[in-house]
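Grab a pencil and work through a few short exercises. Each one sets a task and then walks through the solution.

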Amino acid sequence: MEMAILSQDEQEQEVTQTDAGSACRICIACRKAYEAESLLRFVVSPRLELVFDVKGYAPGRGAYVCANENCFQNALKKRAFNRSFKGSILVDDANLLTSIKENLLHRILENLGLAYCAGQCVVGRTKVQEDRVSDKIKAIVIAYDLSERSVTELDFDELKQTKDVVVLTGPSKNLMGQALGRSLTGVVALLKGRISDRIICDLLRWQFLKNPGERMNEEIFNG
Ligand SMILES: [Zn+2]
C-alpha cells in the first residue's frame with residue numbers, strides 16, 4: 001500500500017499534456033489531473049513553511065491542490081503536504097485558507113487595475129452592451145454586493161449564448177472601484193487578452209474557495 005502511494009507521489013512531478021497542449025498536474029488530495037493553472041500551487045520556503053504560490057511558478061518543487069475547500073481540507077487532514085514534500089514542513093492549518101483567498105483577491109484587484117490601464121476592460125452596464133465591444137468580451141464580472149434589482153436588470157443572456165461570454169461573481173463594488181481608480185463599480189467586462197485570462201483564472205479559484213464546490217475544473221477548464 002505504502003509503495004503505491006509513493007509511486008503516485010512521484011507522478012505529481014510529471015507533466016502530462018491535454019489536447020490543448022497545456023500542462024496538467026495531479027491534485028494531492030483527490031488524485032485527479034487538471035490543468036495546472038486551475039489548481040492551487042504550494043511550495044516550501046527556506047524556513048520549511050508551506051507557502052501558497054499565487055503566480056504558480058515559484059522555483060522548487062510544487063504540490064498542487066484543487067481550488068475547492070473539500071480538496072484543500074482533505075489535503076490538510078491527510079497530511080498530504082508533508083507526504084508530497086517528503087518531510088516535516090510547517091503547515092499553518094488555521095490561517096492558510098484565509099491567506100490563499102487574500103492573495104488571490106489582491107492579485108485579482110491588481111490585475112483589474114492593469115487591465116483597465118491597458119484598455120482590456122470596460123466598465124458599466126451600458127458600455128458592456130455596446131456592439132463595438134461585445135465581440136471582444138471574454139467575461140463579465142459582477143460585484144457580489146450589487147443589489148438584486150440591479151442584477152435582475154442586467155441582461156447578459158444574449159452575450160452568454162451568442163458570444164460564449166462567461167459571467168463571474170467578483171469582489172465588492174467598493175474594491176473593484178478602488179482597483180480601477182473610480183467610485184463604486186458593479187459591472188466590469190474583461191476583453192480578450194492575457195491579463196483578462198489571468199483575472200478569470202484567479203476569480204474562478206477565488207470563487208470556488210469562497211463557495212466550496214467541485215464543479216470548477218470540469219465545467220470551466222475542460223470546456
Ligand atoms: Zn482535488
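**Exercise 1: a loop residue**

S38 is buried, because 22 other C-beta atoms lie within 10 Å of its own (buried takes 20 or more, exposed 12 or fewer, partly exposed is in between, and C-beta atoms are placed from the backbone). Keep in mind that this is a predicted model, where local features need pLDDT of at least 70, side-chain atom pairs count only at pLDDT 80 or more, and totals for chains, interfaces and linings use all residues. Residues are numbered from 1 along each chain as its sequence is written.

Task: find where S38 sits and how far its C-alpha atom is from that of L204.

- Step 1. Look in the loop between β3 and β4 (39-44) for S38. Helices (H or I, at least four residues) and strands (E, at least two) are DSSP runs, numbered from the N terminus.
- Step 2. Go 166 residues along the chain from S38 and you reach L204; their C-alpha atoms are separated by 8.0 Å.

**Exercise 2: two arginines with positive phi**

Task: place R31 and R79, and decide whether each is buried, partly exposed or exposed.

- Step 1. R31 isn't a glycine, yet its phi is positive, about 70°. Its place is the loop between β2 (23-26) and β3 (33-35).
- Step 2. R31 has 13 C-beta neighbours inside 10 Å, so it counts as partly exposed.
- Step 3. R79 isn't a glycine either, and its phi is positive at about 55°. You'll find R79 in the loop between α2 (69-77) and α3 (80-84).
- Step 4. R79 has 11 C-beta neighbours inside 10 Å, so it counts as exposed.

**Exercise 3: the buried side of a helix**

Task: list the buried residues of α2 and say what they pack against.

- Step 1. The buried residues are C71, F72 and A75.
- Step 2. Looking down the axis of α2, these buried residues fall within an arc of 100°, so they line one face of the helix. The arc is that of the directions from the helix axis to the C-beta atoms.
- Step 3. They pack against β6 (63-66), α3 and α4 (96-117), where contact means C-beta atoms, placed from the backbone, within 7 Å.

**Exercise 4: an open sheet**

Task: work out the strand order and which strands stand at the edges.

- Step 1. The open sheet has four strands in the order β7-β10-β8-β9, with mixed pairing; two strands pair if DSSP finds at least two bridges between them.
- Step 2. β7 (121-123) and β9 (166-170) are at the edges with a single partner strand each, so one side of each has no neighbour in the sheet.
- Step 3. β7 pairs with β10 (residues 187-191) in the antiparallel sense over three bridges. V122 has A189 in β10 as its bridge partner.

Note on methods
Contact = placed C-beta atoms within 7 Å.
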